[in-house]
Amino acid sequence: MAITTPGTRPANPRFSSGPCAKPPTWTLDALADAPLGRSHRAAVGKDKLKAAIETTREVLGVPADYKIGIVPASDTGAYEMAMWSMLGERPAQMVAWESFGAGWVTDAVKQLKIEAETITAEYGEIVDFTTLDFDKDVCFTWNGTTSGVRLPNGDAIPADRAGLTLCDATSAAFAMDLPWDKLDVTTFSWQKVLGGEAAHGILILSPRAVERLESYTPAWPLPKIFRLTKGGKLIDGIFTGATINTPSMLCVEDYLFALDWAKSVGGLKGLIARADANAKAVWDFCDANDWIDNLAVDPATRSNTSVCLKFTDARITDGAAFAKAVAKRLEAEGIALDIGAYRDAPAGLRIWCGGTVETSDIEAMLPWLAWAFETEIEAQKAAA
């Protein structure tokens, strides 16, 4: 069978779900103003860090009375800092529907050993938030980076909750509309939706979260890198640019460029629109081809950033091997890099559709995906 090779290639084949594609206008010149070889505590360093915090607030629409801090160790560092500093004051519900959420469950249950109920859903599905008890502390991911399933909204989270909500928003921030009044702790990393460099996290605290920090001391010791209070008071410098440890000013400069680019495309609304257009191109492709489908069971919960796909053709005998072979073909052709499913997720593909990706590149890549599928089916036949 003759298989037609598509005539158009993506200008940028980077569809990795983290680190993600740089903004399309990015070049190394974007880093020229980085204060390299200078102390991050010098005026120039403090000004850059403060600008990163305040521009984050501007683009995301974070309320003025919420604290925003730059912390070490990416989203993982930010979320664990919050868990280890705040959990244990009351019972918790640990909610997970993919691998990173499952990691937070492990922290709470096996490491902190707090009174915690574990509530999970299978890959492709989501926990029903109307069944949760928000008088307890509730920990969850907004968007399942490894499952392609997101919380569609925060309507089920009550305004008069007694517990805190701790939200890992690392592949949601800058691509989804986060309801700040429903979120007490929000974390994400620069390396996701804005395509920043790794190792730095953002920690956003509501006034209720700050109150918890200043009124509760956990039973376990906290390493210096996790300490957010001193003498029972919030270390406010963390939230004005005086970071706990030394940040990379090169990475800060890179993030500042990404934030300015975000503003240039319409801010949060523009970023959401770009991600929505990218994801829709993939969803429409799935609707038009009966051999591939979205991993998300309910269309209302489909992620518009980490779009996870599964092969559904009955001729496929080994799903994991087939998916890897398709991804390998696309990489070898320079069409799509790093689109294999996450190692703990069901076999398939994961295509990043965040706002730094151009829709034209998604549209150019998809015919090649069909080519790789057909080519691998033929190869499987020949090997049988």
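This is a short walk through one protein chain, starting with its sheet and ending with its cores.

Okay, before anything else: what we're looking at is a predicted model.

Let's begin with the sheet. It's an open one with seven strands, and the order runs S1-S9-S8-S7-S4-S2-S3, with mixed pairing. Now look at the edges. S1, residues 67-72, and S3, residues 116-120, each have a single partner strand, so one side of each has no neighbour in the sheet. On average, neighbouring strands here are turned by 15 degrees against each other, if you ignore direction.

If you want one pair to zoom in on, take S2, residues 92-96, and S3: they run parallel, with five bridges between them. Glutamine 93 sits opposite glutamate 117 of S3.

So what packs on this sheet? Helix H4, residues 207-215, does, and it touches S1, S4, S8 and S9. The direction of H4 makes about 95 degrees with that of S9.

Next, helix H1, residues 43-60. From first C-alpha to last, H1 reaches 26 Å, close to the 26 Å expected for its 18 residues at 1.5 Å a residue. Its buried residues include Leu49, Ile53 and Leu60, but also Lys48 and Arg57. Among the elements covering the buried residues of H1 are S1, S8, and helices H5 and H6. Right after H1 comes glycine 61, with a positive phi near 70 degrees.

Last stop, the cores. The largest nonpolar core has 91 residues, and Phe140, Phe174, Phe311 and Leu369 have the most contacts inside it. Setting aside close sequence neighbours, within four places, leucine 369 contacts Phe285, Trp291, Ile292, Val326, Leu330 and Leu349. Apart from that core there's another, of 35 residues, including Val105 and Trp220.

Methods: Residues numbered from 1 in each chain as written. Predicted model: local features only at pLDDT ≥ 70, side-chain atom pairs only at ≥ 80, totals over all residues. Heavy atoms only, no water. Core = buried A, V, L, I, M, F, W, Y, C linked by side-chain atoms within 4.5 Å. Buried < 20%, exposed > 50% of the residue type's maximum accessible area, 1.4 Å probe, protein only. Contact = heavy atoms within 4.5 Å. Pairing = 2+ DSSP bridges. Helix = DSSP H or I, 4+ residues; strand = E, 2+ residues; numbered from the N terminus. Axes fitted to C-alpha atoms, helices over the stretch in contact; angles between N-to-C directions. Expected span 1.5 Å × (residues − 1).
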